[in-house]
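Good morning, colleagues. I should like to take you through one structure today, and I ask you to keep it on the screen while I speak.

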Amino acid sequence: MLVEGAILDRDGARPAAVRIMDGRVVEVGQRGTVSRRSDERKVEGIVIPAPINGHTHLGDAVSTREPPAGPVESLVAAPDGYKFRLLAETTRAAKLRAVRAALRRMDADGTRAVVDFREEGLRGIQLLRSAARRSPVRTVILGRPLRRPIDRAELDAVVAAGDGVGLSSARDETPETRRSVADACRHAGKYFALHASEAVREPPETYLDPRPDLLVHLAEAAPDDLRAVADAGVRVVVCPRSNALFGRQPDLAGMEAAGVHMLLGTDNAMFHAPSIWRELEFAYVGTRLKGRPASAAFLARAVLVEPYDWLHEPDAASIAVGTPATPLVLRLPADDPAYQVVTRTTAHVIVRPARSRLEETGSEDR
Ligand SMILES: [Zn+2]
C-alpha cells in the first residue's frame, strides 16, 4: 500500500509518501516522489504509530447498565464499592467474555497496547492473561495485592504474575505499604504505579516518594504539584471522560506548560467504551471548555509517543524504515495532521495494514 499524505509520529507532523507492506514501513519519501507499483493500492491519509491506551480497568466491562449515582468512591472503592460487589457476583466465564469483548473493541480501533490496573489479586491477573492470550492488543497488567498489612508471599506472587503493581491511591495506603510494593517492583524490574489526586488533592510527597513509574489522574493537582511531577520525570496518565463524570477536569494545558510527560487512558470500562479516539476528542474539547486549550500535538503525543517511551520502546513511535512501529493509516486530510487525528478519527477511517493482508474497519470503503 502506498499512502500519500503525512506522517505524525515522535518527530511531529510532516508531509510524506509511505509504502507499507506486511504491516511494516518499507519506504518513506517526499510526497509525490514514490511511484505506485502496478499491483499496489494508493490512498491519501496520515500514517501514525498505532495508539496505546494508557489506563484501563477492563474487569469493569462486566457492568452493562448505567452505574448508580454517587461519588466516585462509592462506585470504585474497595472492598464494598459498586464495582467490587459486581466483580464478586460475576462468574469467571462472564468476566472473560466481557474482557475479551473490550479487547476486540480496542483492536478494531487499531489500539496497539493497553496498560490495565487489574483488581482481584493474583486471580485477577491470571484472568486478564487468559482473556488477552489470543488478542493482538498487547496487555500490560498492573495487578494489586489484596492483603493488608502486606503479605510478602502474596506480593511476590502478584509481582511475578503481572507486569507490576497498580495501587488504588496514595492516600488509601500507608507509607510502609507503598514502600514495600515499590521495592518489590523495583527488585523484579517491573512497574510501580498508582492513582493520585483523583477526587481530592494529595500532596506530591505522598505519591512521589517512593518514586512511581506512572501516576494516574492528577485531576485535583495544583500547578506546583504538576511542576514537582514534571521535575521528578514521572509520567502521568489522564482520563478526562472518567473525571468529567464526577465533575472534575485535569488541567491538560497546565501539564503541557509544566512539561509533564502525559499519556491518555479510558479508565473504568463500566463508565466508557475503551476507545482511545473518543478519549482524545473529549480531551481536546474539554480543554476548550476550561478556556485553557492544550495543543493537538501534545494530545496526539499522549497516545502515539509517550506510552512507547514509558514501555522503553521509543523506536516503535517512529514511522521510518526498519523501526518496530506498527503503522496505522487514517484516511484524513493531511494538511494539519495532529488536529485531524485528535478531532476526527473514528473506527470508520482506519485502514490497517495487517501482517499479510489489508484489513479495513468501518463502513466507508465497503
Ligand atoms: Zn483507574
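Strand E1, residues 2–9, and strand E2, residues 12–21, run antiparallel and are joined by 8 bridges. This is a predicted model, and that holds for everything I shall describe. The connection from E1 to E2 is a hairpin through 2 residues. Across this pair, Asp9 has Gly12 of E2 as its bridge partner. E1 also pairs with strand E4, residues 42–49; here the strands run parallel, with 6 bridges between them. Leu2 stands opposite Lys42 of E4 in that pairing. As to burial, 6 of the 8 residues of E1 are buried, and the strand is mostly covered.

Let me stay with E1 for one residue. What does Leu8 touch, once its neighbours within four places in sequence are left aside? The contacts are Ala13, Ile46, Ile48, Ala300, Leu304, Pro337, Ala338 and Val341. Leu8 is also among the residues with the most contacts inside the largest nonpolar core, together with Leu215, Val236 and Leu299. That core has 104 residues. Helix H12, residues 296–304, gives the most to this core, with 7 residues. Where does the core lie with respect to the domains? Domain 1 and domain 2 both give residues to it, so the core lies between them.

I turn now to the domains themselves. According to the domain assignment, domain 1 covers 2–50 and 316–360, while domain 2 covers 52–294. Their centres, taken over C-alpha atoms, are separated by 30 Å. In the contact between them, 10 residues of domain 1 meet 9 residues of domain 2. On the domain 1 side, helix H14, 337–344, and strand E15, 350–353, each supply at least two residues. By character, the residues of that side of domain 1 are 5 nonpolar, 4 polar and 1 charged.

H14 deserves a closer look. Its buried residues are Pro337, Ala338, Gln340, Val341 and Val342. The elements that cover them include E1, E2, E4, helix H11 at 276–290, H12 and strand E14 at 327–330. Three of these buried residues, Pro337, Ala338 and Val341, have already appeared as contacts of Leu8.

Next, the open sheet. Which strands does it hold, and in what order? There are 9 strands with parallel pairing, in the order E12-E11-E10-E9-E8-E7-E6-E5-E13. Strand E12, 262–264, and strand E13, 267–268, are the edge strands, each pairing on one side only. Within the sheet, strand E9, residues 191–196, is joined to strand E10, residues 214–217, by 4 bridges, and the two run parallel. His195 stands opposite Val216 of E10.

Some points of backbone geometry follow. As a reminder, most residues other than glycine have a negative phi, and most peptide bonds are trans. The peptide bond from Arg148 to Pro149 is cis, with omega near -5 degrees. Pro149 belongs to the loop between strand E7, 138–143, and helix H5, 152–161. A cis peptide bond also runs from Asp209 to Pro210, with omega near 0 degrees. Pro210 is in the loop between helix H7, 204–208, and E10.

As for phi, Glu120 has a positive value near 70 degrees, though the residue is not glycine. Glu120 sits in the loop between strand E6, 113–117, and helix H4, 121–132. Ser197, likewise not a glycine, has a positive phi of about 45 degrees. Its loop is the one between E9 and H7. Why does Ser197 count as buried, while Glu120 is partly exposed? The cut-off for a buried residue is 20 or more other C-beta atoms within 10 Å. Ser197 has 28 C-beta neighbours inside 10 Å and therefore counts as buried. Glu120 has 19 other C-beta atoms within 10 Å and is therefore partly exposed.

I close with the chain as a whole. The secondary structure comes to 14 helices and 16 strands. The C-alpha atoms fill a box of roughly 65 × 45 × 40 Å along the principal axes. A compact globule of 366 residues would have a radius of gyration near 21 Å, and the 20 Å of the chain agrees with this. Buried residues make up 48% of the 366 residues. Among contacts with a separation of 6 or more, 65% are between residues 24 or more positions apart.

Terms used
Residues numbered from 1 in each chain as written. Predicted model: local features only at pLDDT ≥ 70, side-chain atom pairs only at ≥ 80, totals over all residues. Rg over C-alpha atoms; globule rule 2.2 N^0.38 Å. Buried ≥ 20, exposed ≤ 12 C-beta atoms within 10 Å, placed from the backbone. Contact = placed C-beta atoms within 7 Å. Core = buried A, V, L, I, M, F, W, Y, C linked by C-beta atoms within 7 Å. Domains from an automatic or database assignment. Pairing = 2+ DSSP bridges. Nonpolar A, V, L, I, M, F, W, Y, C, P; charged D, E, K, R; others polar.
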